[in-house]
Amino acid sequence: MNKRSFIKSIVLCALGVMLVFNSAQAKRSGQTEKILREQLQTHALVVIKDNQMTCYDGKGISPLLKYLEQGDFKNATVGDKKIGRASALLLVHGKAKKVYTPVISKPAIEVLEAFDVDYTADKVVDNILNQTQTDLCPMEKKVKGVTSPDDAYELLKTP
């Protein structure tokens, strides 16, 4: 085997290994999203971290705040029932890198993309509204104009 053929076979082998690894990773990612989707039928927040799943219930951003009192989202995959700008800022503050949600707002997408957070959503809405659907959600109003995730966390954790 000449040098050129040898290098070609090594490159092809490396590409094959990468393809298998990426395929396995995509399959695992799809399974994780399926689990999140199922759990979000009954829970507001689902966190898969270090091969353990933790579920939280509650309204609005309270499950996110409860989780952040105990730690961060580093190396976790997070499922949240609805992600608006306030939730997105909290997820970035907690160092989330991968997020799934059934509903996400356009301002939340801007935040997640600005901080390089990978997200998947089933539906995109203009904004997250209050319970009567007549105005912006109060938490969305509270963080309007706030660009720092750390500042948003400090602002949102105080009643």
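Start by selecting A86: setting aside neighbours within four places in sequence, its contacts are I61, M139, E140, V143 and L156. The model on screen is a predicted one. A86 belongs to helix α3. Is A86 buried or exposed? A86 is buried, because its relative accessible area is 0%, and the cut-off for buried is under 20%. Now add L156 to the selection and draw the C-alpha to C-alpha line. The two residues lie 70 apart in sequence, and that line spans 8.1 Å.

**Helix α3**

Extend the selection from A86 to the helix that holds it, residues 85–93. Of the 9 residues in α3, 8 are buried, so the helix is mostly covered. The buried residues in α3 are R85, A86, S87, A88, L89, L90, L91 and V92. Move along the chain to K95, just after α3, where phi is positive, at about 70 degrees.

**From α3 to α6**

Keep α3 displayed and add helix α6, residues 149–157. Packed helices are described by the angle between their axes and the distance between those axes. For α3 and α6, the axes come within 8 Å and cross at roughly 115 degrees. That angle makes α3 roughly perpendicular to α6. The crossing of this pair is left-handed.

Which residues of α3 and α6 meet? On the α3 side, select A86, L89, L90, V92 and H93. On the α6 side, select P149, D150, A152, Y153 and L156. Coloured by residue class, the contact of α3 with α6 shows 8 nonpolar residues, 1 polar and 1 charged.

**From α3 to α2**

Hide α6 and bring up helix α2, residues 62–70. Here the axes of α2 and α3 are 10 Å apart, and the packing angle is about 15 degrees. The small angle makes α2 roughly parallel to α3. As with the previous pair, check the handedness: α2 passes α3 in a left-handed crossing.

To display this contact, pick L64, L65 and L68 in α2, then S87, L90, L91 and H93 in α3. By class, the residues of the contact of α2 with α3 come to 5 nonpolar and 2 polar, with no charged residue. L90 and H93 are worth labelling, as they are listed in the contact with α2 and also in the contact with α6.

**Strand β1 and its partners**

Next, select strand β1, residues 45–49. It is mostly covered, with 4 of its 5 residues buried. Add strand β2, residues 52–56, which runs antiparallel to β1 and is joined to it by 5 bridges. The two strands form a hairpin with 2 residues between them. Zoom in on D50 in that turn, where phi is positive, at about 55 degrees.

Then add strand β3, residues 76–80. β1 and β3 also pair in the antiparallel sense, over 5 bridges. What stands opposite L45 in β2? The residue there is Y56. Turning to β3, L45 stands opposite D80.

**The whole chain**

Finally, clear the selection and show everything. How many helices and strands does the protein have? The secondary structure comes to 6 helices and 6 strands. Followed along the sequence, the pattern is α-β-β-α-β-β-α-β-α-β-α-α. Colour by burial, and buried residues account for 36% of the 159 residues. A contact map gives one more view: among contacts between residues at least 6 apart in sequence, 37% join residues at least 24 apart.

Terms used:
Residues numbered from 1 in each chain as written. Predicted model: local features only at pLDDT ≥ 70, side-chain atom pairs only at ≥ 80, totals over all residues. Heavy atoms only, no water. Axes fitted to C-alpha atoms, helices over the stretch in contact; angles between N-to-C directions. Parallel < 35°, antiparallel > 145°, perpendicular 65-115°, else oblique. Left-handed = near helix turned anticlockwise from the far one by under 90°. Contact = heavy atoms within 4.5 Å. Nonpolar A, V, L, I, M, F, W, Y, C, P; charged D, E, K, R; others polar. Buried < 20%, exposed > 50% of the residue type's maximum accessible area, 1.4 Å probe, protein only. Pairing = 2+ DSSP bridges.
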